[in-house]
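The following note sets out several points for consideration alongside the coordinates. It deals with open and enclosed space, then with one acidic side chain and some backbone angles.

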Amino acid sequence: MESIYFVMSWLCHRTCEHCYEERFHPYHGEDLERIVAESRANVSRIIDNLPESMMYLDRNDGDRAKRGRIILAGGEIMLEAVREPVLYPALVQLHRKYEDKGGVELIVQTTGDILTERMIVELLERNVSVISVSGLDQYHEGFESEAARERLRAKLTKIFESQGMQAWMPAPRPENVRYFHFFGATPDQWIGKLWPRGRAHKNELSTAGIADNFCNRWSGGLNFLEQRYSGSEVSIDPNGNVFPCCIKTKAPVGNLMDDKLETVIERLRGNPVYEAISLGQPERMGIEHGWSVDKFLEKSKTTLPSGRVYENLCIGCDAFHEEVLLKRAADLVVIQGG
């Protein structure tokens with residue numbers, strides 16, 4: 001598989017208004033202990049059920065075999081409560097799992113504002129290939145101005161370069177070089193329009209319209225079933241749930257606490273719902289269930305709390321899951337339970 005986006009903990013030090021996941025926020029007391037214990041208990045088992053090899057065939061390069069990447073993120077995975085007990089053991093486990101099987105590119109994603117030189121050194125010592133700083137946008141408190149963002153960028157760049165790291169470049173990248181990368185929810189970035197999810201949707205911040213097909217792009221569902229080839233990516237949450245996109249469908253497609261990831265994906269192949277998602281054509285996911293494309297597009301409209309009508313294909317995907325897939329699953333439980 002080319003890429004796995006692994007959310008290791010719900011813990012974050014912020015409650016950003018633009019966040020796609022409402023479970024990302026500060027936790028305290030017993031709640032903090034609970035979510036840390038959850039991650040500590042789950043992460044090792046999840047890694048055990050990741051692919052045996054992270055090598056994939058690049059269709060854009062004559063099916064040449066290349067090493068894939070695993071992106072480790074939160075929340076904020078660099079917070080003290082989860083950094084040493086969750087992230088660091090996971091990095092060691094992942095390196096050992098793949099070091100004799102072609103390797104893997106390990107990427108740690110962080111908002112960047114709590115990073116220190118010591119943390120950066122510790123990440124590099126644990127074979128991290130890329131440190132990706134994701135908080136350079138106006139939605140992060142304290143970084144509303146371009147000047148504040150540039151100060152953080154300059155500060156971190158100086159530390160990164162002092163550790164021999166280089167500014168990120170597109171693949172192919174030499175494997176013996178460590179990289180740093182900056183991005184944020186800005187108009188020029190792929191996430192700039194914001195997903196209609198979580199607090200971003202609740203706060204009516206998404207500017208994506210019906211023509212903005214998040215499914216048909218990277219970190220959407222596109223090619224998620226093509227696990228041996230370039231373009232394949234899935235998202236995994238701290239409970240082991242697997243999703244075809246980082247945006248997250250209303251229901252997971254499997255769980256890695258018990259199943260292997262390859263098994264989860266192979267089980268979906270041939271299913272018209274998930275084939276449509278993998279093709280980047282979510283409007284066709286319900287055809288076998290009596291949902292025409294026109295019906296899906298109609299279901300892709302919703303009225304926001306302000307009274308404004310909002311349209312996006314992700315809304316139609318949610319509706320299909322709620323009205324068809326989740327309802328059928330619930331009915332099946334009732335039938336089996338007598």
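1. The model under discussion is a predicted one. In the second largest pocket, the lining comprises nine nonpolar, two polar and seven charged residues. Its 18 lining residues include Lys66, Arg67, Pro172, Arg173 and Glu175, the ones that lie nearest the centre of this pocket. The volume of the second largest pocket is about 320 Å³.

2. As to the secondary structure around the second largest pocket, β2 and β3 (64–67) each contribute at least two lining residues. The greatest contribution comes from β3, with four residues.

3. The largest pocket encloses about 1,200 Å³ of space. Two or more residues of its lining come from each of β1 (3–7), β2 (55–58), β4 (69–73), β5 (105–110), β6 and α5 (198–202). Of the elements, β5 provides the largest share, namely four residues.

4. A total of 49 residues line the largest pocket, and those nearest its centre are Tyr5, Gln109, Ser132, Phe183 and Trp190. Divided by class, this lining has 23 nonpolar, 16 polar and ten charged residues.

5. Enclosed space should be considered separately from the pockets. A general remark applies here: rolling a probe the size of a water molecule over the atoms shows where empty space is left. In this model, the count is one cavity of 30 Å³ or more. The largest cavity holds about 130 Å³ of space.

6. Which residues lie nearest the centre of the largest cavity? They are Cys215, Cys245, Pro282, Cys314 and Cys317, out of 18 lining residues. Helix α9 (residues 313–336) supplies the largest share of this lining, three residues. By class, the lining of the largest cavity consists of ten nonpolar, five polar and three charged residues.

7. Asp137 merits separate attention. This residue is situated in the loop between β6 (130–133) and α4 (146–162). Asp137 is buried but forms no salt bridge. The nearest side chain of opposite charge belongs to Arg149, at a distance of 6.6 Å; the absence of a salt bridge follows because that term requires a side-chain nitrogen of Lys or Arg within 4 Å of a carboxyl oxygen of Asp or Glu.

8. What does the side chain of Asp137 reach at 2.8 Å? At that distance lies the backbone nitrogen of Ala185. A polar atom of the Asp137 side chain is also 3.0 Å from the backbone nitrogen of Tyr139.

9. The backbone geometry calls for inspection at three places. For context, most residues other than glycine have a negative phi, and most peptide bonds are trans. The peptide bond from Gly74 to Gly75 is cis, and its omega is near 25°. Gly75 belongs to the loop between β4 and α2 (80–98).

10. Asn223 is a residue other than glycine with a positive phi, near 70°. Its position is in the loop between α5 and β9 (233–236). Is Asn223 buried or exposed? Asn223 is partly exposed, because its relative accessible area is 25%.

11. Lys248, again a residue other than glycine, has a positive phi near 80°. The loop between β10 (241–243) and β11 (254–255) contains Lys248. With a relative accessible area of 6%, Lys248 is buried, since the cut-off for that term is under 20%.

Technical notes. Residues are numbered from 1 along each chain as its sequence is written. Side-chain values use heavy atoms; hydrogens and water are left out. On a 1 Å grid over the protein atoms alone, a cavity is a set of points where a 1.4 Å probe fits but cannot get out, and a pocket is an open set with protein on both sides within 12 Å along at least five of seven lines; lining residues have an atom within 4 Å of a point. Grid points are joined across faces, edges and corners, and a volume is the space filled by probe spheres set on the points. Ala, Val, Leu, Ile, Met, Phe, Trp, Tyr, Cys and Pro count as nonpolar, Asp, Glu, Lys and Arg as charged, and the others, Gly among them, as polar. Buried means under 20% relative accessible area, exposed over 50%, partly exposed in between (1.4 Å probe, protein chains only). Lys and Arg count as positive and Asp and Glu as negative; His and the chain ends are not counted. A polar contact is a pair of N or O atoms within 3.5 Å; within protein, one must be able to donate a hydrogen and the other to accept it, and residues adjacent in sequence count only if both atoms are side-chain atoms.
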